[in-house]
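Student: Please take one part of this model and go through it closely, starting from a loop and working outward to whatever it leads into.

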Amino acid sequence: MMTMLRIGLVGLGRLGKIHAEILSGQISNVDLVAVCTLDDKEKSWAVSKLGLSATCCFSDFEKMLDEAKLDAVVLASPSSYHFNQTYLALSLGIHVFCEKPLAVKEEKIQNLFDILNTNSGLVCQVGFMRRFDPVYMKAKEKIVNGDIGEIILFRGYSLDPISEIHNFLKFLPSSSGQFLDMAVHDIDMANWLIDAFPKTIYSCCNSFSFREFEEFGEGDNVTSLMQYENGSMAFIMAGRTAQHGYHIETEIIGTKGTIRIGSVPSPHQLEILDGSGVRRECYTDFADRFYLAFQNELVAFIKNIHEDEAPKCGIHEAYKATLIALKATESLKEKTLIKL
Ligand SMILES: NC(=O)c1ccc[n+]([C@@H]2O[C@H](COP(=O)([O-])OP(=O)(O)OC[C@H]3O[C@@H](n4cnc5c(N)ncnc54)[C@H](O)[C@@H]3O)[C@@H](O)[C@H]2O)c1
């Protein structure tokens with residue numbers, strides 16, 4: 001019989017609550033035994049909704065690691081904490097699932113590799129959940145099968161709804177920029193589907209509606225063009241001003257065919273015919289679009305720990321995506337082509 005894994009969850013914000021819900025009831029052989037958040041209302045939520053006792057709700061990450069006897073942690077804390085929290089947990093022999101991005105600046109990533117090399121049973125997975133979304137998995141299968149030939153261009157859009165812009169503007173100063181916070185998913189998808197590493201990258205941006213972004217050397221919409229070592233190209237765009245909803249769209253153009261994902265960002269086939277014409281409703285946010293992928297990635301994390309397997313999306317993959325996102329940001333700020 002499989003042992004129950006004792007899990008601690010860090011962060012109970014927008015995404016932390018989704019992970020909490022999944023970990024406490026939807027996956028077998030795990031026990032969510034502790035949470036860590038700075039917010040008292042979120043602690044009360046953990047007591048009432050997750051059934052945790054108040055003594056299992058921590059404000060201090062290190063105290064939680066010291067006291068809760070954890071096998072694994074899930075990190076949904078703000079991005080600037082990810083690298084240090086991952087390092088600390090791994091160095092104590094605790095498995096880590098860390099939300100993206102792995103880091104917000106160039107860090108001593110070698111330290112993580114060293115820990116994992118000397119403790120081969122430790123699992124460290126990073127939250128690129130699109131790799132666990134059935135549609136993206138199907139696309140990968142077809143590409144590996146040679147169905148669309150050689151990849152000419154990967155095109156990825158990640159657009160947040162403008163209805164959320166005021167929440168986002170509060171978060172803007174600590175957001176680490178659109179490439180690390182948002183486009184890093186498209187960067188990881190391009191790396192995964194093209195299966196190579198870029199050699200050049202050039203970014204540009206503009207603030208069309210919200211000049212607040214300019215103070216941080218950013219725009220409310222940003223783009224990057226990359227060329228990979230194997231000649232494939234990737235064009236990515238991230239923005240915060242989509243009028244219609246949460247829009248994640250990907251196109252992979254190959255020498256023998258093209259794959260498109262999400263060009264109409266709608267969760268269902270329902271069409272509404274009214275005074276405005278014919279329309280379909282759109283996804284509203286990341287939870288609406290990717291809930292199944294969030295479930296699948298945590299199921300895989302727990303399975304990898306139980307079965308002593310390497311994760312499909314570990315720190316090698318996360319490091320590459322982080323580095324490229326940092327270089328994309330550098331290109332934006334320096335207004336220059338970067339060679340990797
Ligand atoms: N995979 C995705 O699509 C996706 C979607 C949303 C967010 N995220 C990532 O998840 C992370 C959290 O994002 P969010 O939108 O849920 O944030 P949020 O601001 O809603 O929540 C942050 C949480 O972290 C806690 N916290 C803050 N500082 C802490 C500290 N020092 N130690 C422990 N806890 C601390 C806060 O109390 C809060 O519970 C971010 O890194 C973000 O990039 C990923």
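A loop, its sheet and the helix across it

Tutor: N29 sits in the loop between α1 (14-23) and β2, where helices (H or I, at least four residues) and strands (E, at least two) are DSSP runs numbered from the N terminus. The model is a predicted one, in which local features need pLDDT of at least 70 and side-chain atom pairs count only at pLDDT 80 or more, while totals for chains, interfaces and linings use all residues. Residues are numbered from 1 along each chain as its sequence is written, and side-chain values use heavy atoms, with hydrogens and water left out.

The phi of N29 is near 65°, a positive value in a residue other than glycine. Most residues other than glycine have a negative phi. With a relative accessibility of 23%, N29 counts as partly exposed, the class between buried (under 20% relative accessible area) and exposed (over 50%), for a 1.4 Å probe and protein chains only.

The loop leads into β2, which spans residues 30-36 and runs parallel to β3, to which two bridges join it; two strands pair if DSSP finds at least two bridges between them. Within this pairing, V35 of β2 stands opposite C57 in β3. Both strands belong to an open sheet of six strands, paired in parallel, whose order is β3-β2-β1-β4-β5-β6. At its edges are β3 (57-58) and β6 (124-126), each of which pairs on one side only.

Beyond β5 the chain enters the loop between β5 and α5 (109-118), and P101 is found there. A cis peptide bond joins K100 and P101, with omega about -15°.

Helix α9 (residues 286-307) lies across five strands of this sheet, namely β1 (5-10), β2, β4 (72-75), β5 (95-98) and β6, with contact meaning heavy atoms within 4.5 Å. The helix runs at about 165° to β5, on a scale from 0 to 180 degrees between the N-to-C directions of axes fitted to C-alpha atoms, for helices over the stretch in contact.

In the loop between α9 and α10 lies D308, which, like N29, is not a glycine and has a positive phi, here about 55°. D308 is exposed, its relative accessible area being 55%, whereas N29 is partly exposed.
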